[in-house]
Amino acid sequence: AAAAAAGAAGAFDFSRVSVLGYGHLGDGNLHLNISSPDGYDARLERIIEPHVYEWTASVDGSVSAEHGVGAMKPNEVSRSKPAAAIELMR
């Protein structure tokens, strides 16, 4: 899916993108900070996000952690939570 997103988003130069993973792995929370010195670029987000969500689901991870789902991820939570759990969160 990331390759398809890359094609749809147009060419993107990843040579200057920085990825930093940090968190408290003892309880399974990993945070990613992905940045470009050129500032925010929607193409980068469209390329990276599907890959992150797919990988997280493939290892039985969750897109929500100690801070909840937030405003940006409500459509992604179904990748890692059953419908009954999502309904309880509402």
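A residue here counts as buried under 20% relative accessible area, as exposed over 50%, and as partly exposed in between. Aspartate 41, at 22%, therefore falls in the partly exposed class.

## The model and its confidence

What you're looking at is a predicted model. Mean pLDDT for the protein chain comes out at 76, with 77% of the residues reaching 70 or more. Confidence isn't spread evenly: α1 is the low point, with a mean of 48, while α2 is the high point, at 87.

## Overall layout

The protein chain has three helices and two strands. Reading from the N terminus, the order is α-β-β-α-α. The elements that matter for the first salt bridge are α1 (2-9), β1 (18-24), β2 (29-35) and α2 (42-58).

Of the 90 residues in the chain, 19% are buried. The accessible surface totals about 6,300 Å², and carbon and sulfur atoms account for 56% of that. As for reach along the sequence, take the contacts between residues at least 6 apart: 34% of them join residues at least 24 apart.

## Two salt bridges

How many salt bridges are there? The count is two. One pairs aspartate 38 with arginine 16, and their closest N and O atoms sit 3.1 Å apart. Aspartate 38 is in the loop between β2 and α2, whereas arginine 16 is in the loop between α1 and β1, so this pair ties together parts of the chain 22 residues apart in sequence. On the aspartate side the bridge is exposed, with a relative accessible area of 60% for aspartate 38. Arginine 16 is partly exposed, at 44%.

The other bridge joins arginine 43 to aspartate 41, with 2.8 Å between the closest N and O atoms. Here arginine 43 is partly exposed at 29% relative accessibility, and aspartate 41 is partly exposed as well, at 22%.

## The nonpolar core and serine 36

Which residues make up the largest nonpolar core? There are five of them: Phe12, Val17, Leu44, Ile47 and Ile48. Isoleucine 48 also has contacts with Phe14 and Ile34, once neighbours within four places in sequence are set aside.

Serine 36 is worth a look alongside this core. The residue lies in the loop between β2 and α2. Is serine 36 buried or exposed? At a relative accessible area of 15%, serine 36 is buried. Skipping residues up to four places away in sequence, serine 36 touches Arg16 and Leu44. Arg16 is the arginine of the bridge to aspartate 38, and Leu44 belongs to the core.

## Strands and the surface patch

Tyrosine 22 sits in strand β1 and is partly exposed, with 43% relative accessibility. What does tyrosine 22 contact, leaving aside neighbours within four places in sequence? The list is Asn29, Leu30, His31 and Asn33. For asparagine 33, the C-alpha to C-alpha distance to tyrosine 22 is 8.1 Å, with eleven residues of separation in sequence.

Leu30 turns up again on the surface, where Val19, Leu30 and Leu32 form a nonpolar patch. Together these three have about 280 Å² of accessible area. Leucine 32 is part of strand β2 and is partly exposed, with a relative accessible area of 44%.

## Around threonine 56

Threonine 56 belongs to helix α2, the element with the highest confidence in the chain. At 13% relative accessibility, threonine 56 is buried. Not counting neighbours within four places in sequence, threonine 56 has contacts with Gly61, Ser62 and Val63.

How far is threonine 56 from serine 80 in sequence and in space? The two are 24 residues apart in sequence, and their C-alpha atoms are 8.1 Å apart.

Definitions and conventions. Residues numbered from 1 in each chain as written. Predicted model: local features only at pLDDT ≥ 70, side-chain atom pairs only at ≥ 80, totals over all residues. Heavy atoms only, no water. Salt bridge = Lys/Arg side-chain N within 4 Å of Asp/Glu carboxyl O. Helix = DSSP H or I, 4+ residues; strand = E, 2+ residues; numbered from the N terminus. Buried < 20%, exposed > 50% of the residue type's maximum accessible area, 1.4 Å probe, protein only. Contact = heavy atoms within 4.5 Å. Areas by Shrake-Rupley, 256 points an atom, 1.4 Å probe, with all protein chains shown as cover. Patch = residues over 30% accessible without salt bridge, like charges linked within 9 Å, V, L, I, M, F, W, Y side chains within 5 Å. Core = buried A, V, L, I, M, F, W, Y, C linked by side-chain atoms within 4.5 Å. pLDDT = per-residue confidence, 0-100.
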